Amino acid sequence: MEGVNFTDSQLVDFIRGFLSSVSLGNTDGYNQLVGVIHHRERLSPDEVALLVTCLKALCGAVSFIDNALHESLLAGIFKMSLWDYGPNVMDALVELITSLAVSSGKYVDSCLDMLVNNFMPPHYYKDLLKKPHGLIRKDEVFSRVHTALKDISDLVPLAPLRLEQIVVNKMQRVFFKESLTSVYVENMLRLEKGSLSEFVGRKILTALVDKLLDLDVEIGWDDILQDDFSKGIFEIELEDDDEITDDINEDSIELPSELSRKSLTGNVIAETLDSLIVLTFEHLESCERDGRLNEVFEILLLSFQRTVLTAYKSKFAQFVIFYACALDPEVCGARFAVTLADMFISCNDPPLTRMSAVSYLASYLSRGKFLSTSLVTTILKRLVDWCLEYGKTQHVDLNPKAHKVFYSGCQAIMYVLCFRMRSILEIPRLKSQLLLMPIGPILTHRLGPLKVCLPSIVEEFLRKANDANLFTPSETFIFNGLLESEYSKTFGGMERLDMFFPFDPCLLKRCDRYLRPYFVYWSMVRPSYDEEEDDDDDDDGSSDEDVAEVFPDRIEENLMDDKAMARSYDDREFDLDEFDSALNKMSITPRNSIQYRRDSVQMPSRILPSTSPGSLWVLA
């Protein structure tokens, strides 16, 4: 073939002849063709030109290719990687793959599989991707791959369905510790927001959340737990804060009560998960700019309910839906809170699911800086009302195992108030609502929630409630700063849902930078009496200014941001019926995955102010 000039049509005829002659036992020309396709060494300019010529000629001869007679040729074509060639070869190869897919249904899967294989660069590209010429090659490959996928999907009706299955199956097989996994996910998200989103977007997003959860599970709790159970949740969080103040260049503020970011240093799986979640965050930002975040959120919410919610103490995957809520607080943010509350209140779900839902809800309401105080108060009232009604039906004494759903609801109420009590009391209308909530009758019920719930939460709640003259129990509780008790272990069960705070500060360094503007840290809402004890100061005054003096760089700035962010909708009532109506106008049905119900709650006939000092609620 070399040294001879052919027209395009003549060359196509020659290639067809080579292909046809195989059935007659003449394989010389065919073997030469296969040799050109299989050549893997560095190609000279002449060899590149020959390869381009052969690939283009094959495009005109795809009808002559037989998967049995020409198995070696097809194998060579499908093993070719766009990453190994320049633009001319890439264009010719993509054209051939598209022609093969369109010519016969039997080649569709192989063609799609070959293109999806190019989602992942060869191993030797790991370092090249950090350099300009490596990034250029990456863009050249990805643009051609996605164009080809669209062309095939436009011409082959079943191609999108097959593509969806191939992408998801390969995602499940991607090695956990492979640093190039993020490149594969980048292509998945490119598909999700591209022209094929209508066909493959839902399955791809669901598969991505599943992958994040798989990686999450790979990071065992034993790797990151600090086994110091002699101190309370809030105390440990502040101690973690003190330990890392010298590490401010790494943008650290506080770490969760049980965990330490240092324990994840050098953990390859954690670093991979960090990168993948950041890619997902950036994708959500893109969806928000394009006006399709609500559509994507519905998929994330269903995936959350199906997998993340029921996973054993998920550590990081849940921050994807948290970030989506942060980008759209009034719709996505409120919808997530309402959904979790519905799952807790509904009797259709098993107890562990309801306990997990309320654990997520309490942590979400406490940590979501973007949530309006009005929404928090509305959801809090729903929890209080359910707990009150449950208490009315029970005439037995303390039993952590039998009434664990009730105890989980009580603990959620106290936990949220530890974070949100001050902001609620600052708004007169919401303060009145809080004062009318029958929290006292619930906490003093003979089931003894104050004895069963986590001592560290009960202790902090009682201190805040007493400081605000809201509630003082008739019985004296001495916890000695313990994190847990035998009672709390019992109601938490083997899953230890009593100690599950899923939206504690994120340990993944890159993710934390995205989450921080939307996050409430304990130091931002820490009551002033903590500082008084630390400083041995007997002054009973507690104002926002006092707290700001202690944390000038954190609290003052963040409280101002919080108020500015929430003021526009804190000043109006959050109405659940109005929210449902808004969802319906956007064609978002709140009944698509769970029984969405608004249980009517019988309120006590009268709620009177108590004459007992420090006790606000009396049930009449």
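**Exercise 1. A helix pair**

Which residues in α17 meet which residues in α18? Describe the packing of the two helices in this predicted model.

*Solution.*
Step 1. Locate the elements: helix α17 covers residues 351-367, and helix α18 covers residues 373-393.
Step 2. List the contact residues. From α17 come R354, V358, L361 and L365, and these meet V376, I379, L383 and W386 in α18.
Step 3. Sort the contact by class. The contact of α17 with α18 has seven nonpolar residues, one charged residue and no polar residues.
Step 4. Choose the descriptors. Two packed helices are described by the angle between their axes and by the distance between those axes.
Step 5. Apply them. The angle between α17 and α18 is about 145°, and their axes lie 11 Å apart. The crossing in which α17 passes α18 is left-handed.

**Exercise 2. The largest pocket**

Determine the volume of the largest pocket, and state which helix supplies the largest share of its lining.

*Solution.*
Step 1. Consider the principle: rolling a probe the size of a water molecule over the atoms shows where empty space is left.
Step 2. Give the volume, which for the largest pocket is about 680 Å³.
Step 3. Identify the centre. The lining has 24 residues, of which S182, V183, E186, S275 and L279 are the closest to the centre of the pocket.
Step 4. Assign the lining to helices. At least two lining residues come from each of α7 (132-155), α9 (181-193) and α13 (268-289). The largest share belongs to α13, with nine residues.
Step 5. Classify the lining: 10 residues are charged, eight are nonpolar and six are polar.

**Exercise 3. Two residues and their surroundings**

Decide whether V36 is buried or exposed, decide the same for S81, and name the contacts of V36 and S81.

*Solution.*
Step 1. Place V36, which lies in helix α2 (residues 28-38).
Step 2. Apply the cut-off. V36 has a relative accessible area of 17%, and buried means under 20%; V36 is therefore buried.
Step 3. Find the contacts of V36. Leaving aside residues up to four places away in sequence, V36 touches L50, L51 and C54.
Step 4. Add a backbone distance: the C-alpha atoms of V36 and V48 are 9.6 Å apart, with these positions 12 residues apart along the chain numbering.
Step 5. Turn to S81, found in the loop between α4 (71-79) and α5 (87-103). S81 is buried because its relative accessible area is 16%, under the 20% cut-off.
Step 6. Find the contacts of S81. With residues up to four places away in sequence not counted, S81 touches N118 and P122.

Notes
Residues numbered from 1 in each chain as written. Predicted model: local features only at pLDDT ≥ 70, side-chain atom pairs only at ≥ 80, totals over all residues. Heavy atoms only, no water. Axes fitted to C-alpha atoms, helices over the stretch in contact; angles between N-to-C directions. Helix = DSSP H or I, 4+ residues; strand = E, 2+ residues; numbered from the N terminus. Left-handed = near helix turned anticlockwise from the far one by under 90°. Contact = heavy atoms within 4.5 Å. Nonpolar A, V, L, I, M, F, W, Y, C, P; charged D, E, K, R; others polar. 1 Å grid on protein atoms, 1.4 Å probe; cavity = no way out; pocket = protein on both sides within 12 Å on 5 of 7 lines; lining within 4 Å. Points joined across faces, edges and corners; volume = space filled by probe spheres on them. Buried < 20%, exposed > 50% of the residue type's maximum accessible area, 1.4 Å probe, protein only.
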